[in-house]
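Thanks for asking me to look this over. Here are my notes, as numbered points you can follow with the structure open beside you.

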Amino acid sequence: MRAISHLAGGIVVTVAFLLLGGFLASTAPAYSVAATTTLGPVDGTSPAVDRTPGTGLTVNLVGIQGNTGQLIVLVFEDRLAYEAYDDNQAVGIDVAPVGKASSQPVVFPALNDGPYAVAVFHDENGDFEFNMRGPEPLEGYGASGATTWYDVPTFEQAAIDGGSVNVQLFYPQ
Amino acid sequence: MDWLFISLTEGELFAWEETIGNGFYVISIGFFAFEIVRYLVQKRFSWTLAGDSATNFLTQILSVGINAVAFAVFYFAALAFFHRFALFDISVTWTTVLLCVVLADLMYYWEHRFSHRVGLAWATHTVHHSSPHFNISVAYRFGPMDGFWPLFFHIPLVIVGFSPIVVLVAELFVLTYQTLLHTETIGKLPKPIEFIFNTPSHHRVHHGANEEYIDKNYGGVFIVWDRLFGTFAEERADVVFGVTEPLKSVNPFVVFFHGFTRLWRDVKHTPGWGNKLAVLIKPPGWRPSPTGVLRPQRAET
């Protein structure tokens with residue numbers, strides 16, 4: 001192997017390596033902790049995974065907007081914890097960076113019982129707080145069973161029995 | 001292999017770096033104790049050697065202290081500033097951290113080569129090379145501005161898109177890896193390892209004052225960069241450790257500042273302002289011609 005002894009050649013090769021490395025790093029997949037048993041981020045459709053009973057809870061987040069921040073998914077089996085969004089009492093928590101797709105599955109392999117209520121916050125500024133201005137949310141939000149922007153389901157309305165659920169993210173207008 | 005692609009928080013990554021760093025430190029101290037025993041058994045132990053080792057640890061304290069007080073804020077501010085120009089959007093996973101380590105090692109090669117071939121940078125790096133001994137304690141022999149120059153070579157990594165914390169972790173790993181290379185007790189390793197990685201043998205060559213070993217084997221973790229850029233040398237003749245103009249002192253302050261003391265002396269004795277500036281920029285040992293040259297310039301090979 002002939003060496004590149006000229007300094008200019010060395011710099012050119014180095015810049016090429018840097019750009020190649022950066023490109024490879026940017027295309028490498030990145031999964032959230034809870035999603036280890038899935039095929040990774042999907043693009044607009046539910047994952048084609050056979051969910052036989054006893055294989056956990058899959059939350060399909062749909063309608064994700066933007067590329068920044070993180071999605072905080074809280075799963076509750078207790079009504080009071082759900083109503084207070086008390087993450088200390090949550091049976092499942094996931095914090096996933098927002099990817100490029102508008103849908104993202106989050107899997108909780110151990111959650112086989114139910115009923116579960118799921119709440120999702122799109123923490124756009126990464127401060128782990130759901131930012132509001134008075135009664136007005138400033139960040140994206142969703143819950144199992146919620147069908148419109150103003151919907152804040154009760155535990156009974158949100159509860160699902162496990163398996164798979166789609167949760168729509170709603171954003172401030 | 002999914003774990004290679006799971007998102008890490010920067011806090012988790014830094015905790016791993018601390019753990020690995022502490023592990024290496026513990027291993028190094030244990031290894032150094034073994035080397036002391038070996039010196040005693042070989043009847044090569046002397047109080048000068050002990051003084052040299054003590055000075056090594058003292059220079060580490062001084063250097064780290066200077067880094068913390070003078071350079072750290074500037075370092076983090078600069079990295080944070082340049083991150084806004086990021087070319088690629090790079091998540092933090094073990095895979096991307098590994099990629100960053102490889103690229104950080106490439107940038108380390110250039111920073112290290114710069115430290116040997118530019119007078120002002122050599123003034124701090126010569127401290128590390130100035131011991132006539134070669135053992136693990138030498139790995140901790142640092143100079144006053146050792147923490148300064150790497151910044152400029154890591155800004156490109158941040159511009160490529162790696163997070164500043166990931167870049168810092170990668171850089172620290174590249175340094176940590178090298179601690180265990182500073183020993184005479186480990187001979188050549190199997191050929192595939194010697195081909196790809198930096199090893200004690202390659203690093204002995206780097207620390208050699210022998211003519212054929214000067215300015216060779218700049219690599220951190222990988223020796224491939226030296227093979228690629230023509231600065232590789234195989235260990236053949238026994239290595240004579242130290243710098244071309246030997247340093248006889250084990251006084252920690254004399255050692256720590258001797259690079260700048262000598263640079264000041266050389267600038268002072270060089271006539272002409274253009275030449276004085278050149279002494280700072282050109283390789284160590286450069287003198288304007290024609291003069292009664294005491295230390296001939298080493299050619300860039």
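1. A word on terms before we start: two strands are said to pair if DSSP finds at least two bridges between them. With that in hand, look at chain A, where A:Phe121 stands opposite A:Tyr141 in S8(A). Please keep in mind throughout that this is a predicted model.

2. Let's take chain A as a whole. The chain holds three helices and nine strands, and along the sequence they come in the order α-β-β-α-β-β-β-β-β-β-α-β. Of its 173 residues, 40% count as buried. Chain A exposes about 9,100 Å², with carbon and sulfur atoms supplying 56% of that surface. If you count the contacts in chain A with a separation of 6 or more, 70% of them are between residues 24 or more positions apart.

3. Strand S5 of chain A, residues 117–123, deserves a careful look. How many of its residues are buried? The count is seven of seven, so to speak of S5(A) as mostly covered is fair, given that buried means under 20% relative accessible area. On one side of S5(A) sit A:Ala117, A:Ala119, A:Phe121 and A:Asp123. The other side carries A:Val118, A:Val120 and A:His122. Both of these faces are covered. As background, side chains in a regular strand alternate between the two faces of the sheet.

4. Which strands does S5(A) pair with? One is strand S2 of chain A (residues 70–76), which pairs with S5(A) in the antiparallel sense over seven bridges. Another is S8(A), joined to S5(A) by four bridges and also running antiparallel to it. A:His122 is a handy residue to click on here: A:Leu71 stands opposite A:His122, and in S8(A) the bridge partner of A:His122 is A:Gly140.

5. Strand S8 of chain A covers residues 140–143. A:Gly140 and A:Gly142 point one way from this strand, while A:Tyr141 and A:Ala143 point the other way. Are these residues buried or exposed? All of them are buried. A:Tyr141 is the residue you met in the opening point, opposite A:Phe121.

6. Now over to chain B, which has 11 helices and zero strands. Its pattern along the sequence reads α-α-α-α-α-α-α-α-α-α-α. The radius of gyration of chain B is 20 Å, close to the 19 Å that the globule rule gives for 301 residues, so chain B is as compact as a globular protein of that length. Taken along the principal axes, the C-alpha atoms of chain B fill a box of roughly 60 × 55 × 40 Å.

7. What about the inside and outside of chain B? Buried residues make up 51% of the 301 residues. The accessible surface comes to about 14,000 Å², and 71% of it belongs to carbon and sulfur atoms. As for charge, chain B has 22 positive and 24 negative side chains, and the centres of the two sets lie 12 Å apart.

8. Chain B also brings together residues that are far apart in sequence. Of its contacts with a separation of 6 or more, 74% involve residues 24 or more positions apart. B:Gly21, in helix H1 (residues 10–41), gives an example: its C-alpha atom is 6.4 Å from that of B:Thr176, although the two are 155 residues apart along the chain. B:Gly21 counts as partly exposed, at 21% relative accessibility. A further example is B:Thr48, in helix H2 (residues 47–82) of chain B. The C-alpha atoms of B:Thr48 and B:Val250 are separated by 7.2 Å, with their positions 202 residues apart along the chain. B:Thr48 is partly exposed, with a relative accessible area of 47%.

9. Finally, two backbone angles to check by eye. Most residues other than glycine have a negative phi. A:Tyr85, though, has a phi near 50 degrees, a positive value. A:Tyr85 is found in the loop between helix H2 (79–84) and strand S3 (92–97) of chain A, and at 27% relative accessibility counts as partly exposed. In chain B, phi of B:Asp215 is likewise positive, near 55 degrees. B:Asp215 lies in the loop between helix H8 (200–206) and helix H9 (224–229), and at 17% relative accessibility B:Asp215 counts as buried.

Conventions: Residues numbered from 1 in each chain as written. Chains lettered and ligands numbered in written order. Predicted model: local features only at pLDDT ≥ 70, side-chain atom pairs only at ≥ 80, totals over all residues. Heavy atoms only, no water. Buried < 20%, exposed > 50% of the residue type's maximum accessible area, 1.4 Å probe, protein only. Helix = DSSP H or I, 4+ residues; strand = E, 2+ residues; numbered from the N terminus. Rg over C-alpha atoms; globule rule 2.2 N^0.38 Å. Contact = heavy atoms within 4.5 Å. Areas by Shrake-Rupley, 256 points an atom, 1.4 Å probe, with all protein chains shown as cover. Lys, Arg positive; Asp, Glu negative; His and termini not counted. Charge placed at Lys NZ, Arg CZ, Asp CG, Glu CD.
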